[in-house]
Amino acid sequence: MLRSRVWPLPRRRGRCLCDRRQEGSDMFSLDMPGRWAQAAGAAVLMLALTVPAQAGELKSLMKDMKTAMNGAMGSADVNEFSNCLQRLRLDVDRAAKLPYPDNPTDYREGMRTLSVDLNKAEQFARAGNLAAAKQSLQAANQTKKRYHHLLN
């Protein structure tokens, strides 16, 4: 655990740390042996906190994808479908950029396959064929289920 130093500072080799400061050395520099350990500990801590933060972001994106998917499947017209599909597309693109440490190869493959399925649904929506767009989105949902099963 990192602690802040309180005055008076401990003496090293017969000289006070404040004497070193007067020589032009900064008391917060990493030239002291304990400071290197603190810096390394802080770096490891930041790295450890990054992975759970990304995992939390992925979970949040997955929930939003589910909401967008349900909204698109329940849409009554092409415009509503397109809006939900656009939201789903943005979430998929963001999730594809996040790392997945357990099985990155299958994760990337699943995100690419899902993206292809969404492209097909987009094409049908642009053509105004809501039924075919929903059917294509159902295929994307099956892709999602397959890769969720594979990765979990």
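**Exercise 1. Is glutamate 122 buried, partly exposed or exposed?**

Solution. Begin with the source. This is a predicted model, in which local features need pLDDT of at least 70, side-chain atom pairs count only at pLDDT 80 or more, and totals for chains, interfaces and linings use all residues. Residues are numbered from 1 along each chain as its sequence is written, and side-chain values use heavy atoms, with hydrogens and water left out.

Step 1. Recall the cut-offs: buried means under 20% relative accessible area, exposed means over 50%, and partly exposed lies in between (1.4 Å probe, protein chains only).

Step 2. Apply them. Glutamate 122 has 26% relative accessibility, so this residue counts as partly exposed.

**Exercise 2. Find the salt bridge partner of arginine 126, then place the pair in the fold**.

Solution. Step 1. Side chains of opposite charge can pair when their charged atoms come close. The rule here asks for a side-chain nitrogen of Lys or Arg within 4 Å of a carboxyl oxygen of Asp or Glu.

Step 2. Arginine 126 pairs with glutamate 122; their closest N and O atoms are 3.3 Å apart.

Step 3. Both residues sit in helix H4, four residues apart, about one turn of the helix. Helices (H or I, at least four residues) and strands (E, at least two) are DSSP runs, numbered from the N terminus. Arginine 126 is exposed, at 67% relative accessible area.

Step 4. Look further. Salt bridges that share partners join Arg89, Asp93, Glu122 and Arg126 into one network.

**Exercise 3. Describe two salt bridges of helix H3**.

Solution. Step 1. Take aspartate 93 and arginine 89. Their closest N and O atoms are 4.0 Å apart. The two residues are four apart in helix H3, so about one helical turn separates them. Aspartate 93 is partly exposed at 34%, while arginine 89 is buried at 13%.

Step 2. Take arginine 94 and aspartate 91. Here the closest N and O atoms are 3.7 Å apart. These residues lie three apart in H3, again about one turn. Arginine 94 is partly exposed at 45%; aspartate 91 is buried at 2%.

Step 3. Count. The rule gives five salt bridges.

**Exercise 4. Which helices build the largest nonpolar core?**

Solution. Step 1. Define the core: buried Ala, Val, Leu, Ile, Met, Phe, Trp, Tyr and Cys residues joined through side-chain atoms within 4.5 Å.

Step 2. The largest core has 25 residues, and Phe81, Leu88, Leu118 and Leu137 have the most contacts inside it. Helices H2 (33–73), H3 (78–97), H4 (104–127) and H5 (130–151) each give two or more residues to this core.

Step 3. Zoom in on leucine 118. Beyond its neighbours within four places in sequence, leucine 118 is in contact (heavy atoms within 4.5 Å) with Leu85, Leu88, Arg89, Val92, Leu137 and Ala140.

**Exercise 5. Which helix gives the largest share of the lining of the largest pocket?**

Solution. Step 1. A pocket is an open set of points on a 1 Å grid over the protein atoms alone, where a 1.4 Å probe fits, with protein on both sides within 12 Å along at least five of seven lines; lining residues have an atom within 4 Å of a point.

Step 2. The lining has 24 residues; Met62, Met65, Lys144, His148 and Asn152 are the closest to the centre.

Step 3. H2, H3, H4 and H5 each supply at least two lining residues. H2 gives the largest share, nine residues.

Step 4. Check histidine 148. This residue lies in helix H5 and is partly exposed at 36%.
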